[in-house]
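I opened this notebook page to record what I looked up about helix packing and the nonpolar interior. The entries follow in the order in which I made them.

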Amino acid sequence: MPADASPPLAGGEDIISEYLQNEKKLTGPSQVKKMVSQKSFKIHSEKFKPGSILHRPESKPLIAFLCLFLISSIISPYFLTSANMAAIMGSAAVNTTAVLGMVLIILMGSIDLSVGAQIGMGCMLTAICLRIYKFSIPMTIFTVIWVGSALSIINGLLIVKGKLPSFIVTLASMSAVRGAIYLYNPFNVPIFDKAFLTFSEPIMRIPKIFLLPLILGAVFIFMEKRSSLFFYIRATGSDEKVVRNLGVNVDKTKILAFFIAGILYALAGMILASRLGAGYPNAGFGAELTIIAAAVVGGISLRGGRGTVFGAIVG
């Protein structure tokens, strides 16, 4: 598993040399982009050329997916039915939303093993808020997101301020969150709120819950090459020491990444609750392996600094 401070990528020594030569010229984090270009950290995608798409990391899982889809549609006459497609998209909605959060964590050279437990927490808490406490849907969404983001912020603070490996912190968090779920309510909690359950109903044969990860994925892909946060996250995963020496608040970047990931995990839990129509204490059990594997298969390097959002979504 990756350490939080990843070794420099190839070319890291040139970056450090350039930093030492230009240290006096830097005026703060705003100068990082000017001196440490995306090309230096090898995070800038190559310009599109005919045939180059086959050499991109995300091309292999995309081709594998298309082949599997084609073979399945040929073998089974029921594969392309509306009910089966809706089931596949509903399952993909949960995983895709969580993968977007995992992308931020792995890109900066960390790991989050608590994602499955946090999805389960989001699912169970949604059902409890709607069924037991009779919360409105907006209040339920706010509560679940607040709890999910708070849990991830705690993880981030323990990693940053406690100088603990992300593997150890999130492993402990996974056990603590899962234990808290069983301690509070070890039974299934059905949801009878018809308005909430309509989120899993289709619009033109596409489940509503599938639209959320599509929108979030499009936003992440758009911001990937335009947001300073994405740049700092990638740069931190490439060479944390250099980025810290350049004046970037790496601790703040890490905590913010965990905060956003926590929100996405909570949303994934709510999507799962809408899809299942109930909260289950064992919801999301083992999902951490699936989600991490999806990101890695899509081209995200476990060492951090490399990969694309689109590749993780395809994975």
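**Cores and helix contacts**

I began with the interior: the largest nonpolar core has 66 residues, and those with the most contacts inside it are Met-102, Ile-119 and Ile-291. Here a nonpolar core is a set of buried Ala, Val, Leu, Ile, Met, Phe, Trp, Tyr and Cys residues joined through side-chain atoms within 4.5 Å, and buried means under 20% relative accessible area, with exposed over 50% and partly exposed in between (1.4 Å probe, protein chains only). Helix α4 (residues 82-107) gives the most to this core, with 13 residues.

I noted that this is a predicted model, in which local features need pLDDT of at least 70 and side-chain atom pairs count only at pLDDT 80 or more, while totals for chains, interfaces and linings use all residues. Residues are numbered from 1 along each chain as its sequence is written, and side-chain values use heavy atoms, with hydrogens and water left out.

I then looked up Ile-291, which, leaving aside its neighbours within four places in sequence, is in contact (heavy atoms within 4.5 Å) with Asn-95, Ala-98, Val-99, Met-102, Val-115 and Ile-119. Apart from the largest core lies another, of six residues, including Tyr-232, Ala-235, Val-243 and Val-248.

For the chain as a whole, I recorded 14 helices and four strands, taken as DSSP runs numbered from the N terminus (helices H or I, at least four residues; strands E, at least two). Buried residues make up 48% of the 315 residues.

Next I turned to helix α9 (residues 208-224) and helix α12 (residues 250-276), whose axes come within 10 Å and cross at roughly 160°. The axes are lines fitted to C-alpha atoms, for helices over the stretch in contact, and angles run from 0 to 180 degrees between N-to-C directions. That crossing makes α9 roughly antiparallel to α12, a term for angles over 145 degrees. The α9 side of the contact includes Ile-209, Leu-212 and Phe-220, and the α12 side includes Ile-260, Leu-264 and Arg-275. The residues of this contact divide into nine nonpolar, one polar and one charged; Ala, Val, Leu, Ile, Met, Phe, Trp, Tyr, Cys and Pro count as nonpolar, Asp, Glu, Lys and Arg as charged, and the others, Gly among them, as polar.

Last, I checked helix α6 (residues 137-160), whose axis comes within 7 Å of that of α12 and crosses it at roughly 145°. By class, the contact of α6 with α12 has 16 nonpolar, six polar and two charged residues.

Technical notes
Angles under 35 degrees count as roughly parallel, over 145 as roughly antiparallel, 65 to 115 as roughly perpendicular and the rest as oblique.
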